[in-house]
Amino acid sequence: MEEPEGAAEPERAPADEAAPSPRPRRRGRTTLLIAAAAVLGVVAGTCTGYLVQADREPTKLPPLSQPVLAQAKGPGPEPLSAAQDRKLRTDGDLRKLLLKKPKGAKDVEWLEGMDGWMDMAGYADLYEEPGEVFPDLVENEFRRAAVTGWAEGESYTVEIRLVQFRQEETLQADEVTDNNQYWADEDATDSWDLPGTGDGMVYVHRKPETEPGYLPVYSAEAHAWRGDIAMEIWVSGTKAIPKSKIMDLARRQMERL
């Protein structure tokens, strides 16, 4: 089958309909405005305090010596194990958290030469306007993306991505998931909550994509996030995709996070 790139590009609504851009929301300008206001407040407060203090009598300073604080005794707490420390697990080789290719499944051509990683340019290229998406990924602290996929006979292809962000200012994994879920709901779609994820969702599109000279292509997808990682799963095939298939993939992948 063709590379499931089309499935990775959410369908866009017509231009006259109100719909969010695939780009993450911008927060940089707001942060700068808040920082500037804080600086002005510090300067104004300093000037006022100086004028008030200038008219007062000098105040005796407290002695420099201070009482010694008692220190806690005994050994400190044991560090969390890798199984308990989620941050330690996700800071390691992200590819190890991807589902393994099932027995009997075939490799897909679009994974050749990627070594399980997708760089920022490759991820941006999955959208209709890569030139717009790329600088937003830079601004929103894209860190890395691990990817896997396989073909199951002539019926289905699967692609799974774990997209990680640094998240020093915003919960970008959450925002990316919200945006993907918005576009997933645009078509004639059945959707269900993904248990154990809070707001994760799975989707099965009822109508296949059709093109003259080609077999109809059915699709399903799942979107959820945990910590600094957004999970994206895409399944496409020439047969209708059952809810149980996409739900099972999404559930097992989230358990590994």
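Visitor: Over how many bridges do strand E2 and E3 pair in the antiparallel sense?

Guide: In this predicted model, strand E2 covers residues 142-152 and pairs with E3 in the antiparallel sense. One pairing can be followed residue by residue, since Gly-149 has Glu-159 in E3 as its bridge partner. Between the two strands of this hairpin lie 3 residues, and Gly-153 takes a positive phi near 60°. Counted along the pair, E2 and E3 are joined over 10 bridges.

Visitor: Which residue in E7 is the bridge partner of Ile-160?

Guide: E3 is also joined to E7, with which it runs antiparallel, and 9 bridges link the two. Within E7, the bridge partner of Ile-160 is Ile-233.

Visitor: How many of the residues of E3 are buried?

Guide: Both faces of the strand have to be considered, and on one side Tyr-156, Val-158, Ile-160, Leu-162 and Gln-164 are all buried. On the other side Thr-157, Glu-159, Arg-161, Val-163 and Phe-165 are buried as well, so that both faces are covered, where buried stands for under 20% relative accessible area. The count for E3 is therefore 10 of its 10 residues.

Visitor: Which strands stand at the edges of the sheet?

Guide: The sheet is open and is formed by 7 strands with antiparallel pairing, in the order E1-E2-E3-E7-E6-E5-E4. A strand at an edge has a single partner strand, so one side of it is left without a neighbour in the sheet. This describes strand E1 (117-118) and strand E4 (189-193).

Visitor: Which residue in E6 is the bridge partner of Tyr-203?

Guide: Strand E5, residues 201-205, and strand E6, residues 218-226, run antiparallel and are joined by 4 bridges. In E6, the residue that is the bridge partner of Tyr-203 is Glu-221.

Visitor: What angle does the direction of helix H5 make with that of E6?

Guide: Helix H5, residues 172-184, packs on the sheet and touches strand E3, E4, E5, E6 and strand E7. Its 13 residues reach 18 Å from the first C-alpha to the last, close to the 18 Å expected at 1.5 Å a residue. Relative to the direction of E6, the direction of H5 makes an angle of about 155°.

Visitor: How many of the 13 residues of H5 are buried?

Guide: The buried residues of H5 pack against helix H3 (120-124) as well as E3, E4, E5, E6 and E7. Among them are Ala-173, Val-176, Asn-180 and Trp-183. The helix is largely enclosed by the rest of the structure, because the buried residues number 11 of the 13.

Conventions:
Residues numbered from 1 in each chain as written. Predicted model: local features only at pLDDT ≥ 70, side-chain atom pairs only at ≥ 80, totals over all residues. Heavy atoms only, no water. Pairing = 2+ DSSP bridges. Contact = heavy atoms within 4.5 Å. Axes fitted to C-alpha atoms, helices over the stretch in contact; angles between N-to-C directions. Expected span 1.5 Å × (residues − 1). Buried < 20%, exposed > 50% of the residue type's maximum accessible area, 1.4 Å probe, protein only.
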